[in-house]
Amino acid sequence: MSDWSNLASQAASSLLGTLVGGAITVLVVRWQTIKTLTSQAELAAAQQVANARLVRAEKERERSAEAARQLLERLADLYAWLPSLPDVGLENPRLSQHAQGQCASAMQSIRRGMHTELLSIESGEVRERYRTLVKLVYEAGWRGVGREYRERVIRDARNYLRYVQLCLESVIDGSPIPEAVLPPVLDRVGIEVWTPPDIPWHWGDPADGS
């Protein structure tokens, strides 16, 4: 009986060990499976968030680029009529009244752009430079600031306008924004024309229209 008892006890212990070992193995596998699934779910969620941010950033860039294109069209209209800028606030313009009216309309257009398309431009620096341009042309046109230096004021406004154009082009291209510069002071003394420190090569090309 003692042998049978020992044998039964050993068999029971062996079975218990097998059951316990199997249970532990099942628990370990289950834990590893849960951990793997959790990690995969977290990775998928993180990837989904990253993709959503990427899509949102791309949409914002496209919206910003489209706004920049529309603002460039407004600036191109003003650029064509800048010779009449000092005449805008005069009763008897030096050039034609037609040119005076066109310049005034172009000024109103870029001012409207400041309250519409400009708000879609992501870069705060570019937005501020555009607003500075609007202020500049209104000071030169309606307020007559620097009118005694007519040609210099026209060229100051033209060069700063082109500088803002370069900034908007960088928004479209996704290239670095031109460095910040102080705008021209229209009521300064002298005939020296304002230019940004780094002049693009085509500014000196006669075919560029400047």
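Contact here means heavy atoms within 4.5 Å.

**Figure 1. Overall fold of the predicted model.** The protein has four helices and zero strands. From the N terminus on, the order of elements is α-α-α-α. Among contacts in the protein with a separation of 6 or more, 71% join residues 24 or more positions apart. Of the 210 residues, 33% count as buried. The exposed surface of the protein comes to about 13200 Å². Carbon and sulfur atoms supply 57% of that surface.

**Figure 2. The largest nonpolar core, with 39 residues.** Seven members of this core are shown by name: Leu75, Leu78, Leu85, Ile121, Tyr130, Val164 and Leu168 touch the most other members. At least two core residues come from each of α1 (2–80), α2 (97–115), α3 (124–141) and α4 (150–173). Helix α4 gives the largest share, 11 residues. In soluble globular proteins, nonpolar side chains tend to be buried together.

**Figure 3. Surroundings of Tyr130.** Tyr130 is one of the core residues that touch the most other members. Neighbours within four places in sequence are left aside in this view. Tyr130 is then in contact with Leu71, Arg74 and Leu75. Its other partners are Ile110, Gly113, Met114, Leu118, Val164 and Leu168. Three of these partners, Leu75, Val164 and Leu168, are listed with Tyr130 among the core residues that touch the most other members.

**Figure 4. The aromatic pair Tyr160 and Tyr163.** A search of the whole structure finds three aromatic pairs. One of them joins Tyr160 and Tyr163. The ring centres are 5.4 Å apart, and the planes meet at 45 degrees. This pair counts as tilted, because its angle is neither under 30 nor over 60 degrees. Both residues lie in helix α4. They are three residues apart, about one turn of the helix. Tyr160 is buried, and Tyr163 is buried too.

**Figure 5. The aromatic cluster with Trp194.** Tyr160 and Tyr163 form one aromatic cluster together with Trp194. The tilted pair of Figure 4 is thus seen here with Trp194 added. A pair of aromatic rings is described by the distance of the centres and the angle of the planes.

**Figure 6. Arginine charges over tyrosine rings.** Arg111 lies over the face of Tyr138. The distance to the ring centre of Tyr138 is 5.0 Å. A second site involves Arg158 and Tyr79. Here the charged end of Arg158 sits over the ring of Tyr79, 5.8 Å from the centre of that ring.

Key: Residues are numbered from 1 along each chain as its sequence is written. This is a predicted model: local features need pLDDT of at least 70, side-chain atom pairs count only at pLDDT 80 or more; totals for chains, interfaces and linings use all residues. Side-chain values use heavy atoms; hydrogens and water are left out. A nonpolar core is a set of buried Ala, Val, Leu, Ile, Met, Phe, Trp, Tyr and Cys residues joined through side-chain atoms within 4.5 Å. Buried means under 20% relative accessible area, exposed over 50%, partly exposed in between (1.4 Å probe, protein chains only). Accessible areas come from the Shrake-Rupley method with a 1.4 Å probe; for residues, only the protein chains shown count as cover. Rings of Phe, Tyr and Trp (its six-membered ring) pair if their centres lie within 6.5 Å; planes under 30 degrees apart count as stacked, over 60 as edge-to-face and the rest as tilted. A charge sits over a ring if NZ of Lys or CZ of Arg is within 6 Å of the ring centre and within 35 degrees of the ring normal.
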